[in-house]
Amino acid sequence: DLEVFHVDEPEPIHSLNSYASPTPVIEPGRVYVHFGTYGTACVSTETGRIVWTNTELKLDHQNGPGASPVLWNELLILNCDGMDVQYVAALVKHTGQIAWKTDRSGQLQERKELKKAYCTPLVIEEGGRTQLISPGADWVYSYDPATGRELWRANYGRLGFSNVARPVAGHGMVFICTCFNQPSLMAIRYDGTGDVTDSHVVWTYDRQMPKIPSPLLVGDEIYTINEGGIATCLNAKTGEQHWQQRLGGNFASSPQLADGRIYVSNQEGQTFVFRPGKKYHELAVNTLDARFMASPAIVDKAFYLRTEAHLYRVEDLEVVR
């Protein structure tokens, strides 16, 4: 139990947020924790000793931190999209020093509240090209993760800010949730250069799309759950809808694939289990007396579920034996 940073007067946060919303990143011997503008740190998992801290990456979140770091080779990479500044930065994982820092290049709205985002980037590697896919307000960007050099960007074509959902990639495309005000799901080819808004957007779908839960790509289908509990299955290549189903409840956590089944939990404590496919096939609805906001971590045959008050481990012990 370790205090990494002490903040006398933290900024207000949204009712759905916390000061520790960014997900830690773990590797053998180390865990990296990020608290947005309040700081980033590396901690030894063996001793609990703080290896380094960095408090240089400042921004005005308005609603508290949200974007999680990603670890790539020797770098810890972070989206920093505030009302005042918008940039992406990489820290050297061994020292915490800034390796590179790149300002967002896309034109944003005049109002500062429309410039912020809370999205976690995604690293993809294909055809000998490594890209950091990084959604921000109004634009999604691709960077070279080694240097921070911008490779391409695409505009959402409408107002899109406070982005939370993480992108997914497949079939030569990245799938981006545009968030507020009218959430859409966009499929964008990632083989471009420069501004690819008019050339690489393959399809856009805007019926009952999520603002917070991230999409899930399984084979040729992409699945989304919006905050009001409506699940949607689309053809990932064309954007054609296969089915749409009301699950019920309110959702913030993202759907996960495990052992050939899709799991997703609502804020009322229910976990819905259904099969991937072009028709909705519900397998089970399980209930815990808890409120789910975070997505689960899946390790081997176990689910690790974090609620407001507890950490649960759920596992089929017969399978383990």
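The protein exposes about 15100 Å² of surface, and carbon and sulfur atoms supply 46% of that area. I should say straight away that what we have on the screen is a predicted model, so please hear every value today as one computed from that model.

Let me stay with the whole chain for a moment before going into the details. The protein contains one helix and 28 strands. Its radius of gyration is 19 Å, close to the 20 Å that the globule rule gives for 321 residues, so the protein is as compact as a globular protein of that length. Along its principal axes the C-alpha trace spans about 50 × 50 × 40 Å. Of the 321 residues, 49% are buried, and among contacts with a separation of 6 or more, 45% are accounted for by residues 24 or more positions apart.

Now to one sheet, which you can find by looking for residues 297-299 and 311-315, the edge strands β26 and β28. This is an open sheet of three strands in the order β26-β27-β28, and the pairing is antiparallel. Each of the two edge strands, β26 and β28, pairs on one side only, and the twist from one strand to the next averages 20°. As a general reminder, strands of a sheet pair through backbone hydrogen bonds, either parallel or antiparallel.

How many bridges hold each pair in this sheet? Between β26 and β27, the latter covering residues 302-306, there are three bridges in the antiparallel sense, and one place to look is A297, whose bridge partner in β27 is Y304. Between β27 and β28, which also run antiparallel, there are five bridges, and here R306 has L311 in β28 as its bridge partner. β27 and β28 form a hairpin, with four residues between them.

From that sheet I would like to move to a residue in another part of the chain, namely M83, which sits in the loop between β6 (75-81) and β7 (86-92). M83 and F303 are 220 residues apart along the chain, and their C-alpha atoms are separated by 36 Å. Is M83, as a loop residue, buried or exposed? Its relative accessibility is 9%, and because the cut-off for buried is under 20%, M83 counts as buried. Leaving aside residues up to four places away in sequence, M83 touches D60, Q62, K112, E113, K115 and K116.

Finally, there are some backbone details in loops that deserve a careful look on the screen. Which residues other than glycine have a positive phi here? One of them is D138, with phi of about 70°, and D138 lies in the loop between β10 (129-135) and β11 (139-143). D138 is buried, with a relative accessible area of 2%. Another is C179, whose phi is near 70°; C179 belongs to the loop between β14 and β15, and at 1% relative accessibility C179 also counts as buried.

The loop that holds C179 has a further feature, since the peptide bond from F180 to N181 is cis, with omega near 5°. N181 lies in that loop between β14 (173-177) and β15 (185-189).

To close, I would leave you with the three-stranded open sheet β26-β27-β28, the buried M83, and the loop between β14 and β15, where C179 lies.

Notes:
Residues numbered from 1 in each chain as written. Predicted model: local features only at pLDDT ≥ 70, side-chain atom pairs only at ≥ 80, totals over all residues. Heavy atoms only, no water. Pairing = 2+ DSSP bridges. Axes fitted to C-alpha atoms, helices over the stretch in contact; angles between N-to-C directions. Buried < 20%, exposed > 50% of the residue type's maximum accessible area, 1.4 Å probe, protein only. Contact = heavy atoms within 4.5 Å. Rg over C-alpha atoms; globule rule 2.2 N^0.38 Å. Areas by Shrake-Rupley, 256 points an atom, 1.4 Å probe, with all protein chains shown as cover.
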